[in-house]
Amino acid sequence: DNDGVNEISRRLVEFDGIVVGSPVYYAGASGQLCCFLDRLFYSNYRSGKMDGKIAAAVVSCRRGGASTAFDRINKYFMINKMTVATSQYWNQVHGAKPEDVLKDEEGLQIMRTLAQNMAWMLKLIELGKKNGLPHPEREPFVRTNFIR
């Protein structure tokens, strides 16, 4: 019961949004992150704890594979009724070392734009709450069985 997934799971109600980041390994998010997210999102899938939260994926790679890793992380958000914050391009930076990333001017601009957009979305949600605008109701889950 004493691990990071359980701790975050218990605290989900405290968060209005989340940012998930990963280095890119073999054109994908790190295995540790995927295991963490698999457990976190599966165990909270039907709870509604993630509904309407703002989410952003951020990836860092030396050269290639960023879009595949970015896509995988975003899929966790989209199947859990989260709103994905966007930027002007995919949320990725490039560099072999942290100091290299600081030279990626386009990537840094993308991150600044992402932060501004996410902050704006969070303010909109807060404004909606203050004005009595409820979050859309969750429908009961329907599953189609393709094996009949």
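**Figure 1. Where helix H2 meets helix H3 in the predicted model.** On the H2 side, the residues making the contact are Leu33, Cys34, Leu37, Asp38 and Phe41, and they meet Arg72, Ile73, Tyr76 and Phe77 in H3. Sort these by character and you get seven nonpolar residues, no polar ones and two charged ones. A pair of packed helices is described by two values, the angle between the axes and the distance between them. For H2 and H3 the angle is about 10°, and the axes sit 11 Å apart. Angles under 35 degrees count as roughly parallel, so H2 and H3 are roughly parallel to each other.

**Figure 2. The largest nonpolar core.** This view takes in a core of 24 residues. Which of them touch the most other members? Look for Ile18, Val20, Phe41, Val59, Ile73, Phe77 and Met82. Strand S1 (17-25), helix H2 (31-43), strand S3 (54-61) and helix H3 (66-78) each put in at least two residues. The largest share, six residues, comes from H3.

**Figure 3. Phe77 and its neighbours.** Zoom in on Phe77 and you'll find it touching Ile18, Val20, Phe41, Ala55, Ala56, Ala57, Met82 and Val84; residues up to four places away in sequence are left out of that list. Phe77 is also one of the H3 residues that meet H2, and it is among the core members that touch the most others.

**Figure 4. Another nonpolar core, apart from the largest one.** This core has 11 residues. Members to pick out include Ala56, Val93, Met118 and Met121. Ala56 may ring a bell from the previous view, as it is one of the residues touched by Phe77.

**Figure 5. Strand S1 and its two partners, S3 and S2.** How many bridges join S1 to S3, and do the strands run parallel or antiparallel? Seven bridges hold this pair together, and the strands run parallel. To get your bearings, find Gly21 and look across to Val58, its bridge partner in S3. S1 also pairs with strand S2 (residues 28-29), this time through two bridges and in an antiparallel arrangement. Here Val24 is a handy landmark, with Ala29 as its bridge partner in S2.

**Figure 6. The turn of the S1-S2 hairpin.** S1 and S2 form a hairpin with two residues between them. Tyr26 lies in this loop, and so does Ala27. Both are worth a look for their backbone angles: Tyr26 has a phi near 50°, a positive value in a residue other than glycine. Ala27, also not a glycine, has a positive phi too, near 65°. Are their side chains buried or exposed? Tyr26 has a relative accessible area of 84%, and exposed means over 50%, so Tyr26 is exposed. Ala27, at 34%, is partly exposed.

**Figure 7. The whole chain, for orientation.** Stepping back, the protein chain has five helices and five strands. Along the sequence they follow the pattern α-β-β-α-β-α-β-β-α-α. The C-alpha trace spans about 45 × 45 × 35 Å along its principal axes. Of the 148 residues, 36% are buried. Take the contacts between residues at least 6 apart in sequence, and 72% of them join residues at least 24 apart.

Note on methods: Residues are numbered from 1 along each chain as its sequence is written. This is a predicted model: local features need pLDDT of at least 70, side-chain atom pairs count only at pLDDT 80 or more; totals for chains, interfaces and linings use all residues. Side-chain values use heavy atoms; hydrogens and water are left out. A nonpolar core is a set of buried Ala, Val, Leu, Ile, Met, Phe, Trp, Tyr and Cys residues joined through side-chain atoms within 4.5 Å. Buried means under 20% relative accessible area, exposed over 50%, partly exposed in between (1.4 Å probe, protein chains only). Helices (H or I, at least four residues) and strands (E, at least two) are DSSP runs, numbered from the N terminus. Contact means heavy atoms within 4.5 Å. Axes are lines fitted to C-alpha atoms, for helices over the stretch in contact, and angles run from 0 to 180 degrees between N-to-C directions. Angles under 35 degrees count as roughly parallel, over 145 as roughly antiparallel, 65 to 115 as roughly perpendicular and the rest as oblique. Ala, Val, Leu, Ile, Met, Phe, Trp, Tyr, Cys and Pro count as nonpolar, Asp, Glu, Lys and Arg as charged, and the others, Gly among them, as polar. Two strands pair if DSSP finds at least two bridges between them.
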